[in-house]
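Please report on this chain for someone at the bench. Cover the pockets, the strand pairing and two loop residues.

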Amino acid sequence: MKFSQTHRLKDIAALIECEYVGDDQFPVTGMNEIHVVTPGDIVFVDHPKYYDKALQSDATIVLINKKVAAPAGKALLISDDPFRDFNKLTQHFAPFNAFAKANTNPPIVGIGTIIQPNVFLGNDVVIGNNCVIHSNVSINDRCVVGDNVTIHSGTVLGADAFYYKRRPDGYDKLLSNGRVIIEDDVEVGSLCTIDRG
């Protein structure tokens, strides 16, 4: 997820009430999972097995549960529970908005696109030109569908990813803050699920 504006490291640290290593003004432009981070993103890591991978990733801000030396060009957010604090940031920057109460942009549907009955389009959805969206498809918040796309009945785009952390008293869910992007000239079969990151 990219933020709508650039934030400062010290402001992000204040949101999650943690220490940080780096310049107060260090730019933070988004947050993402380790496989798809880009410079400006926050990535979290809470297991020694993955420290090096996170510290050497393209992310320039690492939310970590150990005090380590910050690699050149990177900043650290030191937290006793990076998983919890990553969820706090998701709740702050991409909170769940029930469709009926949302103050977000309505879906944008391109020219020549056919939307069959019982299709759900969430907040900030964009669908390109000359698409066919068959009945009982759900396209959830912030999903983008390109031109000349067919999505068959019962498919769900943009549901939450399935990622949990085991705790002594149960499981915590990692909140999804990403989206799904379907590019041009794609056909998605019936009853498919493509989760957001």
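A pocket here is found on a 1 Å grid over the protein atoms alone: an open set of points with protein on both sides within 12 Å along at least five of seven lines, whereas a cavity is a set of points where a 1.4 Å probe fits but cannot get out. Residues with an atom within 4 Å of a point count as lining. Grid points are joined across faces, edges and corners, and the volume is the space filled by probe spheres set on the points.

The model is predicted: local features need pLDDT of at least 70, side-chain atom pairs count only at pLDDT 80 or more, and totals for chains, interfaces and linings use all residues. Residues are numbered from 1 along each chain as its sequence is written, and side-chain values use heavy atoms, with hydrogens and water left out.

**Pockets**

The second largest pocket holds about 530 Å³ of space. It is lined by 28 residues, and Met 1, Lys 2, Phe 93, Ala 94 and Arg 142 are the closest to its centre. Strand β1 (residues 2-8) gives the largest share of this lining, five residues.

The largest pocket has a volume of about 630 Å³. Its lining has 23 residues, with Glu 33, Ile 34, Phe 44, Tyr 163 and Leu 174 nearest the centre. At least two lining residues come from each of β4 (41-45), α2 (51-55), α3 (82-93) and β16 (164-167). The largest share, three residues, belongs to β4.

The table sets out both linings by residue class. Ala, Val, Leu, Ile, Met, Phe, Trp, Tyr, Cys and Pro count as nonpolar, Asp, Glu, Lys and Arg as charged, and the others, Gly among them, as polar.

| Pocket | Nonpolar | Polar | Charged |
|---|---|---|---|
| Largest pocket | 13 residues | six residues | four residues |
| Second largest pocket | 11 residues | 11 residues | six residues |

**Overall chain**

The chain has three helices and 20 strands. Both are DSSP runs numbered from the N terminus: helices are H or I with at least four residues, strands are E with at least two. The C-alpha trace spans about 55 × 35 × 30 Å along its principal axes. Of the 197 residues, 39% count as buried. Buried means under 20% relative accessible area, exposed means over 50%, and partly exposed lies in between (1.4 Å probe, protein chains only). A contact means heavy atoms within 4.5 Å. Among contacts between residues at least 6 apart in sequence, 37% join residues at least 24 apart.

**Strand pairing**

Strands of a sheet pair through backbone hydrogen bonds, either parallel or antiparallel. Here two strands pair if DSSP finds at least two bridges between them.

Which strands form the open sheet of four, and in what order? The order is β7-β10-β13-β18, with parallel pairing. Its edge strands are β7 (108-109) and β18 (181-182), each paired on one side only. Within this sheet, two bridges join β10 (residues 126-127) to β13 (residues 144-145). Ile 127 stands opposite Val 145 in β13.

β1, which also lines the second largest pocket, pairs with β3 (residues 27-31) in the antiparallel sense over three bridges. Lys 2 faces Gly 30 of β3 across this pairing. β3 in turn runs parallel to β4, joined by two bridges. There Met 31 is opposite Ile 42 in β4.

β16 and β17 (residues 170-173) run antiparallel, joined by four bridges. A hairpin links β16 to β17 through two residues. Arg 166 stands opposite Tyr 171 in β17.

**Two loop residues**

Thr 60 sits in the loop between α2 and β5 (61-64). Is Thr 60 buried or exposed? Thr 60 counts as buried because its relative accessibility is 15%. Beyond its neighbours within four places in sequence, Thr 60 is in contact with Phe 26, Pro 39, Gly 40, Asp 41, Gly 73, Lys 74 and Ala 75.

Ser 153 lies in the loop between β14 (150-151) and β15 (156-157). Its relative accessibility is 30%, so Ser 153 counts as partly exposed. Leaving aside neighbours within four places in sequence, Ser 153 is in contact with His 134, Ser 135, Val 137, Ser 190 and Leu 191. Ser 153 and Val 137 are 16 residues apart in sequence, and their C-alpha atoms are 5.6 Å apart in space.

The side chain of Ser 153 also makes a polar contact with the side chain of Ser 135 (3.4 Å). A polar contact is a pair of N or O atoms within 3.5 Å; within protein, one must be able to donate a hydrogen and the other to accept it, and residues adjacent in sequence count only if both atoms are side-chain atoms.
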